[in-house]
Amino acid sequence: MPENTTRARRDIGRYVNDALRDRYFAACDAVYALGAPARSETDVETSFGTTHVYRYGSTDPAVEARTPVVLIHGSGGCSAQWYPNTRALGAERPVYALDTPGDPGRSVHREPMWQPERAAQWMDEALDALGLDRVHLVGSSYGGWLVINQAHLRPGRIASVTALDPGGLEKVGLRFFVWIFASLFATSAPKALRPRLAAWLEQPVLVVPELREMIRSGVRAFRIRRPSPLPLTDEELATIRTPFHLVMGRRSLLLHPRRQLERVPRLMPGARAEIIAATGHGPQIDHPDLVNARMLAFLDETDSRTTNA
């Protein structure tokens with residue numbers, strides 16, 4: 001499809017112009033540099049566009065033989081958001097981080113995929129193109145909705161799901177949008193005020209210069225063209241039989257953590273749900289050592305049960 005036709009569509013995410021795109025990519029690269037270096041990058045084709053994939057991990061054959069982890073980032077960002085996690089996860093397992101088409105990143109969005117079945121089809125096609133027949137999915141925020149939706153609609157190749165303060169469990173409320181707007185406004189605050197605002201807003205973006213620049217440049221450069229996803233119903237969640245790990249921030253503004261702490265294990269027997277103190281919407285960024293350890297322990301336990309079954 002010609003570039004000018006793609007840009008004119010109202011249902012396709014797009015960059016405003018090439019200069020702002022390139023500035024955003026440079027900001028992303030500075031964030032990537034904070035984490036583990038990618039072993040490789042590749043592009044895979046799907047019905048919805050080209051998906052850019054970062055590959056992390058050890059060259060140890062024993063590590064490479066383990067079930068891989070696939071990371072799905074949140075809305076408005078790219079795989080650079082995983083910089084606090086790629087080193088720890090990659091030391092134990094092969095790791096693939098996907099830039100979601102429709103968000104700022106190096107993927108190319110050509111067809112809408114916000115609908116649940118289309119989103120599940122995109123992920124299935126991307127994993128198939130990577131040659132991955134069994135994976136542990138990890139998703140944050142909007143990426144959390146994507147991985148929960150996958151477990152509901154296309155669970156065949158999924159070994160487990162880890163959802164980090166995810167969408168998909170509750171309708172996105174006004175308080176979350178107010179927090180997003182306030183956080184974006186705070187990125188322009190004087191440097192001396194940012195630590196105080198970061199603590200008040202539970203927003204680590206404000207005190208990590210590279211993250212702050214990536215978020216600011218992404219908002220200027222890219223236009224997201226999709227609605228907020230609808231949450232899965234109790235009946236839909238109850239269909240999920242995939243091993244499930246829910247991690248929430250105690251001060252989350254996307255979820256009501258105590259409500260979901262009771263609800264998710266009740267609907268999905270065997271599911272693990274936990275609340276991380278002193279954090280809001282980004283537990284894997286605020287407390288990476290703790291969350292990385294919890295995630296790896298869950299993955300190890302899941303693989304052990306599968307092996308011994």
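A cavity here is a set of points, on a 1 Å grid over the protein atoms alone, where a 1.4 Å probe fits but cannot get out. Its volume is the space filled by probe spheres set on the points, with grid points joined across faces, edges and corners.

This is a predicted model, where local features need pLDDT of at least 70, side-chain atom pairs count only at pLDDT 80 or more, and totals for chains, interfaces and linings use all residues. Residues are numbered from 1 along each chain as its sequence is written, and side-chain values use heavy atoms, leaving out hydrogens and water.

So much for the setup; on to the cavity. The count comes to 1 cavity of 30 Å³ or more, and about 80 Å³ of space lies in the largest cavity. Its lining residues (those with an atom within 4 Å of a point) include Asp11, His109, Trp114, Tyr142 and Arg225. By class, that lining has 6 nonpolar, 3 polar and 3 charged residues; Pro counts as nonpolar and Gly as polar in this scheme.

Now the chain as a whole. Of its 309 residues, 54% count as buried (under 20% relative accessible area with a 1.4 Å probe, protein chains only; exposed is over 50%, partly exposed in between). There are 13 helices and 11 strands, taken as DSSP runs numbered from the N terminus (helices H or I, at least four residues; strands E, at least two).

What about the nonpolar cores, meaning sets of buried Ala, Val, Leu, Ile, Met, Phe, Trp, Tyr and Cys residues joined through side-chain atoms within 4.5 Å? In the largest one, of 42 residues, Val70, Leu98, Trp122 and Phe244 touch the most other members. Helix H6 (residues 142-153) gives the most to this core, with 6 residues. Apart from it lies another core, of 35 residues, with Cys28, Ala80, Leu164 and Met214 among them. Phe244 has contacts (heavy atoms within 4.5 Å) with Ile148, Val161, Met268, Arg272 and Phe298, among others, leaving aside residues up to four places away in sequence. In soluble globular proteins, nonpolar side chains tend to be buried together.

Finally, a couple of loop residues with positive phi, neither of them glycine:

| Residue | Phi | Relative accessible area |
|---|---|---|
| Asp165 | about 40 degrees | 0% |
| Ala278 | near 55 degrees | 42% |

Asp165 is in the loop between strand S8 (158-164) and helix H7 (174-186), and is buried. Ala278 sits in the loop between strand S11 (272-276) and helix H12 (283-286), and is partly exposed.

Key:
On a 1 Å grid over the protein atoms alone, a cavity is a set of points where a 1.4 Å probe fits but cannot get out, and a pocket is an open set with protein on both sides within 12 Å along at least five of seven lines; lining residues have an atom within 4 Å of a point.
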